[in-house]
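Me: I'm new to reading protein structures, and I'd like a close look at a single part. Could you walk me through the aromatic rings and what sits around them?

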Amino acid sequence: MEKALAHISEDGTRTQTVYEHLSGTARLAGAFAAPFGAAQEAAYTAWLHDIGKYSVAFQQRLAGGAATDHSTAGAQEAMKGCVPHIQAAFAVAGHHTGLPDGGNRRTADAADATLFGRLKKPVEPYDGWREVALPQSAPPDWASRDPLDFAFFTRMLYSCLVDADFIDTETFMNGQAAPRGSGVGIRSLLEKVRAKASGYLAAQSSSPVSCQRNAVLRACMEKGAHGAPGLYTLTVPTGGGKTFASLAFALEQAAAQGMKRVIYVIPYMSIIDQTAAVFADLLGAENVLADYSCADYKSLEQEKLTPAQYRQLLASENWDAPVVVTTAVQFFESLYANRSSRCRKLHNIADSVVIFDEAQTLPVSYLLPCVSAIAQLVRHYHATAVLCTATQPALEPYFRQFAPELPLQEIVPDTAALYSTLRRTTLCDAGELTQEALTAQLCALPQVLCVVNRRKTAQEVYAALPAEGSYCLTTLLCAADRRRQLAEIRQRLREGLLCRVVSTSLIEAGVDVDFPAAYRELCGLDSLLQTAGRCNREGHRSAEESLVYRFTLEGCGVPQMLRQNVHAMQYAAGCTAALDSPEAVRAYFKELYFARGEAALDTSGILDALRKGISGCIFPFAQVAEQFHLIEAPTRTVYLPVGEGKALCEQLNGTVSRALYRKLGAYSVACYAQQFQALESAGALEPLPNGSAILTDNTLYDAKTGLSMDVETGKGLFF
């Protein structure tokens with residue numbers, strides 16, 4: 001038994017026995033699951049995961065023989081005895097190929113890829129395992145009380161197993177442990193935040209804005225240090241210092257509760273670099289991991305990585321860092337994923353403080369699955385969650401569904417007074433305007449922001465403005481050009497130069513700009529207030545002179561996707577005269593969710609699939625992972641041979657890598673199928689095997705306005 005091998009080093013000089021691998025993996029998995037009371041069950045699962053390697057067939061495989069299934073044996077073993085360990089069976093069966101669907105217990109046969117099919121599959125004898133006694137264990141009582149509890153715990157158990165398996169295998173193959181976890185402890189980071197906070201709090205200022213920011217900071221530090229783990233809201237108007245204050249809360253809470261990390265969840269990639277850079281400057285770059293698809297350390301070939309970048313790359317696999325900054329897409333899609341590459345970090349969300357920045361952006365179509373996941377983390381996995389925003393969504397009734405014993409607690413005691421003191425703009429109704437009238441009003445102002453609903457409208461309004469100091473921001477621009485334009489916009493605003501910006505809603509996603517005036521085409525209240533947050537952001541002017549106009553454009557109806565948002569805002573306006581008040585925001589979100597109906601808050605039926613199964617298939621982990629996509633994007637990518645993108649596009653004709661595609665992300669535009677087809681039919685694209693394409697007619701891309709649809713004139717724009 002002890003001579004049965006699990007791994008042989010690449011140079012063939014070292015071996016690891018199955019027993020050594022199982023014991024090492026069990027030790028790690030048990031430690032990973034300890035924060036949620038499942039150390040023994042995780043260790044039990046790990047002891048089983050590779051017992052199929054005791055078979056003669058697998059030992060022959062190591063010597064160059066045919067591939068053999070070594071996962072099914074452990075899954076079958078987990079289901080034996082008087083108390084079957086079905087969650088362990090799921091984890092073991094999927095530790096290489098991904099969590100399988102459960103299938104149908106009665107109709108499944110040995111050929112099915114489902115768990116119940118695998119349980120009927122003949123396996124190679126693994127008799128060597130019989131000499132090792134399995135540890136006694138059972139899942140926590142709460143882990144099987146409800147199908148949602150069962151499914152979430154299964155993913156967490158799976159995460160512990162696959163991360164432990166990866167690390168133990170990697171350590172053996174490398175001959176030493178990889179240099180992970182270089183960051184310092186939570187308490188050391190807290191001291192840095194306290195030092196900066198003391199500077200703010202000690203400064204004498206008569207500014208009402210500074211006084212209120214300090215009040216927010218004090219409240220966050222006090223509640224973080226003394227509040228119990230739970231569900232919190234941090235409702236602070238734009239410019240109230242909530243980013244630093246929420247970080248202070250998180251570190252105070254983590255230190256007080258013995259938690260291991262802080263996870264900051266941001267809705268859009270466009271602002272993740274901005275937030276991560278602020279945290280890195282304060283806490284040290286080695287302590288902050290920015291995990292998203294275009295992160296620098298993921299865009300380099302491994303041999304070009306510095307030691308620090310290599311540690312970041314390893315940490316990104318399982319979020320082994322004290323502070324993680326990631327996107328909502330990465331966070332929630334991982335929680336409903338079934339593949340080991342996405343799931344191995346999940347156990348590190350336990351024992352964490354999770355800040356959801358701009359919480360109002362939680363996608364309505366997946367609102368209930370997102371709320372359910374947050375509730376699971378807080379109820380069972382020693383996590384604290386904070387919904388942080390200027391426009392707090394009305395989520396109390398939905399959290400009550402999933403966590404009735406956990407009230408939502410507001411961190412700042414008097415939000416009404418806070419909003420009154422920090423009011424820095426005046427909302428005005430400009431009524432219906434012709435496009436010419438809108439342009440004239442924009443031209444009359446030296447610095448102004450105008451946010452519209454359609455990219456076509458943005459292009460048309462921009463074309464009518466004087467060239468000097470005018471900008472057009474849409475997703476038709478590649479990320480590199482958007483970043484360049486935003487840098488120019490900020491510089492012109494600081495220097496008092498002409499600066500007129502026409503943008504789609506992308507500028508509302510936490511982009512840090514400060515205009516003296518703004519216009520917003522008819523939209524939802526959350527979007528209106530986010531636009532207002534780009535006006536008089538620093539409070540250098542009075543609210544009375546910082547006007548934010550909402551307007552409708554003659555001949556432009558409300559887009560279908562915004563109609564319910566507009567209805568909800570009109571409802572809120574009928575409830576209170578002050579649209580920029582917490583009362584109006586609550587009325588808006590309550591009406592928005594009510595008008596859509598509960599079915600529209602889980603349009604893919606994710607929770608019903610986990611509760612009831614799909615067409616007789618119970619616990620359809622693989623099917624749910626396939627259906628859960630926060631951003632429904634039926635788009636195709638067009639790569640642009642502009643700037644640095646030109647050399648990168650040339651490399652697409654040779655051997656490509658994931659790193660190359662990540663780099664090209666900054667020089668790409670996502671096109672809807674009809675738009676892609678129009679460009680392809682005009683001969684303006686060079687198709688690539690993966691369904692994307694390279695733009696071959698550079699006259700169709702302008703660094704100021706983006707990719708054009710009019711292949712004859714180069715002046716059209718996507719609808």
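Reply: Here is a walk through the aromatic rings, followed by a helix contact and a few single residues. Keep in mind that this is a predicted model.

Let's start with the whole picture: how many aromatic pairs does a search of the whole structure find? The search turns up 25 of them. One is the pair of Trp142 and Tyr381, which is edge-to-face, with 5.4 Å from centre to centre and 80° between the planes. Those two numbers aren't picked at random: a pair of aromatic rings is described by the distance of the centres and the angle of the planes. Why edge-to-face here? Because an angle over 60 degrees counts as edge-to-face, and this pair has 80°.

Now look at where the two partners come from. Trp142 belongs to the loop between helix H6 (115-119) and helix H7 (147-174), while Tyr381 belongs to the loop between helix H15 (367-380) and strand E9 (384-389). They are 239 residues apart, so the pair links distant parts of the chain. Are these rings buried or exposed? Trp142 has a relative accessible area of 15%, so it counts as buried. Tyr381, with a value of 0%, is buried too. This pair also has company: Phe36, Phe152 and Phe153 join Trp142 and Tyr381 in one aromatic cluster.

For a contrast, try Phe332 and Phe356. Their ring centres are 5.7 Å apart and their planes are at 20°, so this pair is stacked. Phe332 sits in helix H13 (residues 328-335) and Phe356 in strand E8 (residues 352-357), with their positions 24 residues apart, and this pair as well links distant parts of the chain. Phe332 is buried because its relative accessibility is 0%, and Phe356 is buried because its relative accessibility is 3%.

Phe332 comes up again when you follow H13 to its contact with H15. These two helices pack at an angle of about 75°, with their axes 10 Å apart, so they are roughly perpendicular to each other. Which residues make the contact? From H13 there are Phe331, Phe332 and Leu335, and from H15 there are Cys370, Ala373, Ile374 and Leu377. Sorted by type, that gives 7 nonpolar residues, no polar ones and no charged ones.

Some rings have a charged partner instead. The charged end of Arg14 sits over the ring of Phe172, 4.9 Å from the ring centre. Lys345 does something similar with Trp319: Lys345 lies over the face of that ring, at 5.5 Å from its centre.

Before you go, here are a few single residues to click on. Asp351 isn't a glycine, yet it has a positive phi of about 65°. You'll find Asp351 in the loop between helix H14 (340-343) and E8, and it counts as buried because its relative accessibility is 8%. Asn536, also not a glycine, has a positive phi of about 50°. Its place is the loop between helix H21 (525-532) and strand E16 (547-553), and with a relative accessible area of 0% Asn536 is buried.

Last stop: Cys220, in helix H9 (residues 208-226). Cys220 is buried, at 0% relative accessible area. Setting aside neighbours within four places in sequence, Cys220 touches Leu234, Ala245, Ser246, Phe249 and Ile411.

Terms used:
Residues are numbered from 1 along each chain as its sequence is written. This is a predicted model: local features need pLDDT of at least 70, side-chain atom pairs count only at pLDDT 80 or more; totals for chains, interfaces and linings use all residues. Side-chain values use heavy atoms; hydrogens and water are left out. Rings of Phe, Tyr and Trp (its six-membered ring) pair if their centres lie within 6.5 Å; planes under 30 degrees apart count as stacked, over 60 as edge-to-face and the rest as tilted. Helices (H or I, at least four residues) and strands (E, at least two) are DSSP runs, numbered from the N terminus. Buried means under 20% relative accessible area, exposed over 50%, partly exposed in between (1.4 Å probe, protein chains only). A charge sits over a ring if NZ of Lys or CZ of Arg is within 6 Å of the ring centre and within 35 degrees of the ring normal. Axes are lines fitted to C-alpha atoms, for helices over the stretch in contact, and angles run from 0 to 180 degrees between N-to-C directions. Angles under 35 degrees count as roughly parallel, over 145 as roughly antiparallel, 65 to 115 as roughly perpendicular and the rest as oblique. Contact means heavy atoms within 4.5 Å. Ala, Val, Leu, Ile, Met, Phe, Trp, Tyr, Cys and Pro count as nonpolar, Asp, Glu, Lys and Arg as charged, and the others, Gly among them, as polar.
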